[in-house]
Amino acid sequence: MGVLKRYGEYLPVTEKTPAVNLEEGSTPLVRLGRIGSDLGIELWGKLEGCNPTGSFKDRGMVLAVAKALEDGAKAFVCASTGNTSASAAAYAARVGAPCYVLLPSGKVAMGKLAQSLMYGAKVIAVDGNFDRTLEMAREASAKYGFAIVNSINPYRLISQRTGAWEICESLGDAPDMHAIPVGNAGNISAYWAGYREFHKRGRSKKLPRMMGFQAEGASPLVTGKECPNPETVATAIRIGNPVSANLAREAARESGGEFNSVTDAEILDAQRVLASKCGIFAEPASCAPLAGLIKLKRSGRLPEGSKVVMVLTGNGLKDPDTALSQVEKPVSIGGTMEDLIEAIRL
Ligand code: F0G
């Protein structure tokens with residue numbers, strides 16, 4: 001039914017708010033039994049890749065776009081590593097408004113680029129990293145009066161809390177541990193706010209430890225210092241100066257959680273494990289938490305038997321190039337049954 005309808009009573013939605021809806025949210029929460037038993041935990045994956053544009057961004061974008069329209073916005077702008085732009089472009093198309101998206105040139109996965117272009121956004125590739133594109137998007141917003149729909153737009157994080165509420169409703173309570181990739185650090189902050197809100201309302205009894213995972217080459221929250229030249233195969237989280245760093249630190253501190261980094265090789269291994277052991281294809285950034293849990297297990301820091309939810313933030317189909325670069329090529333054969341018999345035997 002879309003998050004504005006499902007959670008309207010908890011969101012700043014009034015009778016004047018346009019009923020924007022792409023049936024986002026209500027994503028599956030899947031028990032990952034095989035990996036969970038390897039890790040000695042009860043592991044769940046929240047399949048945010050099942051959202052209409054294939055990532056969690058739709059949860060927040062729907063409210064950001066609706067409230068901007070309510071306030072009279074005529075056009076949208078965002079900076080993005082690819083998913084925010086795909087989502088912004090889709091919702092802008094849905095409401096018939098122009099959308100300008102600024103991307104770090106050459107560093108956006110192909111599927112995400114295709115999405116923004118198909119939805120009809122004006123796509124601008126900037127010679128700079130995400131952090132620079134965000135500065136430029138802010139300036140363009142001020143100069144032209146475009147509504148900015150990055151997570152500096154408060155409605156994004158307000159509505160991204162819905163992910164935590166769905167998890168509590170599905171499990172009957174919050175998990176012991178919430179594992180999530182961290183880039184610009186908005187989503188971990190939104191989930192923590194969501195868990196706290198449900199707890200305050202008596203809808204859940206527990207509060208989870210918030211465990212944020214970054215790629216080693218873009219890990220300012222782990223190292224404690226800004227990273228001027230972020231680099232990682234997980235392009236979605238290739239961010240050196242997260243806008244919501246303070247909120248994210250607060251979430252980790254208040255919840256007894258922490259930040260950890262994982263290497264690109266560990267991320268890609270986790271991506272293959274998730275796909276081949278659970279049938280779930282998530283994009284590289286989404287696999288940082290699994291890589292991190294595997295690492296915590298190895299160092300004896302993953303409490304046995306705990307209930308852990310991982311947010312699988314984006315669909316693997318968004319980045320086919322990275323996936324294809326790490327698997328074997330298909331077997332090519334001629335068109336005879338003998339060829340096939342030979343291939344099956346190999
Ligand atoms: N996972 C995916 C698939 C993402 O696209 C992002 C962020 C994150 C995790 C990190 O979330 O920024 O709230 O800490 N993508 C943004 C974008 C930056 O432009 O699409 P975060």
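## Getting your bearings

Helices here are DSSP runs (H or I) of at least four residues, strands are DSSP runs (E) of at least two, and the numbering of these elements starts from the N terminus. With that in hand, you can place D319: look in the loop between strand 10, which covers 307-312, and helix 14, which covers 320-324. One thing to keep in mind as you read on is that this is a predicted model.

## The ligand and its shell

Let's start with the ligand. Where does the ligand sit? You'll find the ligand in the largest cavity. There are 20 residues around the ligand, and the closest are S80, T84, N184, A185 and T313. What classes of residue make up the shell around the ligand? Sorted by class, the shell has eleven polar residues, seven nonpolar ones and two charged ones.

Two helices are worth picking out here. Helix 4, residues 83-95, supplies at least two residues of the shell around the ligand, and helix 9, residues 186-200, does so too.

## Backbone atoms facing the ligand

Now zoom in on the stretch around A185. A backbone N or O atom of A185 is 2.8 Å from an oxygen atom of the ligand. G183 also has a backbone N or O atom 2.8 Å from an oxygen atom of the ligand. For G186, a polar backbone atom and an oxygen atom of the ligand are 3.2 Å apart. On its own, the ligand has 480 Å² of accessible area, and the protein covers 98% of that.

## N83 and its two partners

Next up is N83, which belongs to helix 4. Is N83 buried or exposed? The relative accessible area of N83 is 5%, and buried means under 20%, so N83 counts as buried.

Which side chains does the side chain of N83 touch through polar contacts? One is the side chain of E283, at 2.8 Å. Another is the side chain of K318, at 2.7 Å.

## Helix 13 and what follows

Helix 13 runs over residues 288-298, and its buried residues include A288, P289, L290 and A291. Further along helix 13, G292, L293 and L296 are buried as well. After helix 13 comes G300, and the phi of G300 is positive, near 70°.

## Positive phi before strand 1

Most residues other than glycine have a negative phi. That makes a good reason to stop at the loop between helix 1 (3-6) and strand 1 (29-31), where E23 is found. E23 is not a glycine, yet its phi is positive, near 60°.

S26 is located in the loop between helix 1 and strand 1 too. What is the phi of S26? It is near 50°, a positive value in a residue other than glycine. S26 is partly exposed because its relative accessibility is 39%, and partly exposed covers what lies between under 20% and over 50%.

## Buried and exposed spots elsewhere

Back to D319 for a moment. Its relative accessible area is 6%, so D319 is buried. Follow the chain 27 residues from D319 and you reach L346; the C-alpha atoms of these two are 29 Å apart in space.

S204 is in the loop between helix 9 and strand 8 (209-215). With 6% relative accessibility, S204 counts as buried. How far apart are the C-alpha atoms of S204 and C168? They are separated by 6.6 Å, while the two residues are 36 residues apart along the chain.

N229 is another loop residue, found between helix 10 (220-223) and helix 11 (245-255). Why does N229 count as exposed? Its relative accessibility is 66%, and exposed means over 50%. N229 and M210 are 19 residues apart along the chain, with 26 Å between their C-alpha atoms.

Our last stop is V123, in strand 5 (residues 122-126). V123 has 25% relative accessibility, so it counts as partly exposed. From the C-alpha atom of V123 to that of P330 the separation is 34 Å, and the two are 207 residues apart along the chain.

Note on methods
Residues numbered from 1 in each chain as written. Predicted model: local features only at pLDDT ≥ 70, side-chain atom pairs only at ≥ 80, totals over all residues. Heavy atoms only, no water. Near = heavy atom within 4 Å. Polar contact = N/O pair within 3.5 Å; in protein donor to acceptor, adjacent residues only side chain to side chain. Areas by Shrake-Rupley, 256 points an atom, 1.4 Å probe, with all protein chains shown as cover. 1 Å grid on protein atoms, 1.4 Å probe; cavity = no way out; pocket = protein on both sides within 12 Å on 5 of 7 lines; lining within 4 Å. Sits in = over half its atoms within 2 Å of the grid points. Nonpolar A, V, L, I, M, F, W, Y, C, P; charged D, E, K, R; others polar. Buried < 20%, exposed > 50% of the residue type's maximum accessible area, 1.4 Å probe, protein only.
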